[in-house]
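I opened the model to look up the surroundings of one residue and then the aromatic rings. My entries follow in that order.

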Amino acid sequence: MITNAFNHSPEYQAYLKTLSSEFFLDILENSFIEVTVTDKDGKVLYANPACLEYHGISAEKMWKLNFLTSFQGFWTPPSTATAIKKKHTIISRQRSLLTDEEHITITTPLYNPDHELVMLVYNTLKRESFVEFDLDYLNPEKETDDDDELKAHKGSREERTKASNNIVGRSYILYQTLHKLKKAAKSDIPILLLGESGVGKSLVAKFIHDCSPRKANPFISINCASIPDNLIESELFGYVPYAFTGASPKGKKGLVEMADNGTLFLDEIGELQPNIQVKLLDFLENKRFTSVGGLESKTVNTRIVTATNKNLEDLVAKNSFREDLYWRINGITQTIPSLRERRDDIFPIAQYYLKEYNKKYNQNKVFSNPVIESLIQYDWPGNVRQLKNAVEQMAVMSLGSVIGIDKLPEQLSSFFANEGIKKRQVIFDDLVENYKRGLIEDYFEIYGNINDLADSLGLSQTTAYRLVNKYIKK
């Protein structure tokens, strides 16, 4: 017998056995909630009408799909791998990387008495069926307090999805990172973001702000390394009229004051000079500051989020960063993982930016298979920033609709020429099939006929017919 989360009494189990299979099938076939069942390898065993309607495909086609690979890379965060790893039900709010559509997926792995995975059951709720609820209440890993209750989820869809719209990825490590920071955002505890250059610390800082009670107020960001040492104090704390030569006769508000009741993000905080560190420490401890040239203290309610790609502990040991400030800013410390630590995010991020550049340059380009493989294999020392630049370069420099391997940026070409493509434990064929299927399905839905689809993607009629027949008309 397959085990599940319920320990029914022997009497009730005996009663269930008296019910016919038609009884349970009638329930499933008339359920408003989508129900999909796959074997342990992802092959679809059953999908109810609600599921078929949601995805807009026939039962025959759904039955031939591998549920894991067919939708892999299009919905984030992932749920299947997490459910199998955790060996219990996972409830997640998922977002489509193509359409921004949202739904809740409840993924339950089922095991036999020998603790072997037998099948997976998916329950999916459409956006309109859960807009009134807070998903955190449903999260089985949430640390709840006595006053945690199911609460109304008001506001527009834009407000509800604002916090995640600019962060793309489907890796579990990214999901864990954002889940932790979402909790931290609800407090005023200082947050220190660590990570290599280009991992997206500024985006994560904005995510924290958008998840906080301060989201309706200003979010202001400054890179401390980009401001000259003699100007950083006046930028942060402002100055009074005629405070120094060249100063405005009207004076100027500093960023600390401009972010009152909001969030001030200080990137590259390790670059601050000692005299500014002292003043920042006083502000963090007392919420007060004095403008350059001023005599009176001002008080504001500004939350500080900081970030650096340097080792602050080493800077403290070298006496170039104040130890008391270090302990003050890292109430909660979170390292943002590099791309090479979350390779599952590389393809969705590249796809996201290609979609943006296609829109910007009025084109419809796609990655070739060798390019996709190269992007996944490369270590990306510049992380998301480097990947974004690489995608734009390829989108601009390539001719035709398919971006070939010859259009890889020089850094990648040199790397593979010297190192070769390293073998990795990724299901590359599944990623490619997933990308092709999604692309063909989307374009066929838009144009409705093979001729227009072929023209829009730059394909021959024969190739377009073969792809449509393979992915849609089975």
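I listed the contacts of Thr 105, leaving out residues up to four places away in sequence, and found Ser 79, Ile 90, Ile 91, Ser 92, Gln 94, Tyr 122, Asn 123 and Thr 124; contact means heavy atoms within 4.5 Å. This is a predicted model, in which local features need pLDDT of at least 70, side-chain atom pairs count only at pLDDT 80 or more, and totals for chains, interfaces and linings use all residues. Residues are numbered from 1 along each chain as its sequence is written, and side-chain values use heavy atoms, with hydrogens and water left out.

I placed Thr 105 in strand 5, residues 102-111 (strands are DSSP runs of E, at least two residues, numbered from the N terminus). Thr 105 has a relative accessible area of 4%, so I entered Thr 105 as buried (under 20% relative accessible area, with a 1.4 Å probe and protein chains only). I also noted a polar contact of 3.3 Å between the side chains of Thr 105 and His 103 (a pair of N or O atoms within 3.5 Å, one able to donate a hydrogen and the other to accept it; residues adjacent in sequence count only if both atoms are side-chain atoms).

I then turned to the rings and recorded 12 aromatic pairs in the structure (rings of Phe, Tyr and Trp, the last by its six-membered ring, with centres within 6.5 Å). For Tyr 378 and Trp 380, the ring centres are 4.8 Å apart and the planes stand at 85 degrees, so I entered this pair as edge-to-face (planes over 60 degrees apart). Tyr 378 is buried at 7% relative accessibility, and Trp 380 is buried at 0%. I noted that ring pairs link Tyr 352, Tyr 353, Tyr 357 and Tyr 361 into a cluster.

Technical notes: Helices (H or I, at least four residues) and strands (E, at least two) are DSSP runs, numbered from the N terminus. Buried means under 20% relative accessible area, exposed over 50%, partly exposed in between (1.4 Å probe, protein chains only). Rings of Phe, Tyr and Trp (its six-membered ring) pair if their centres lie within 6.5 Å; planes under 30 degrees apart count as stacked, over 60 as edge-to-face and the rest as tilted.
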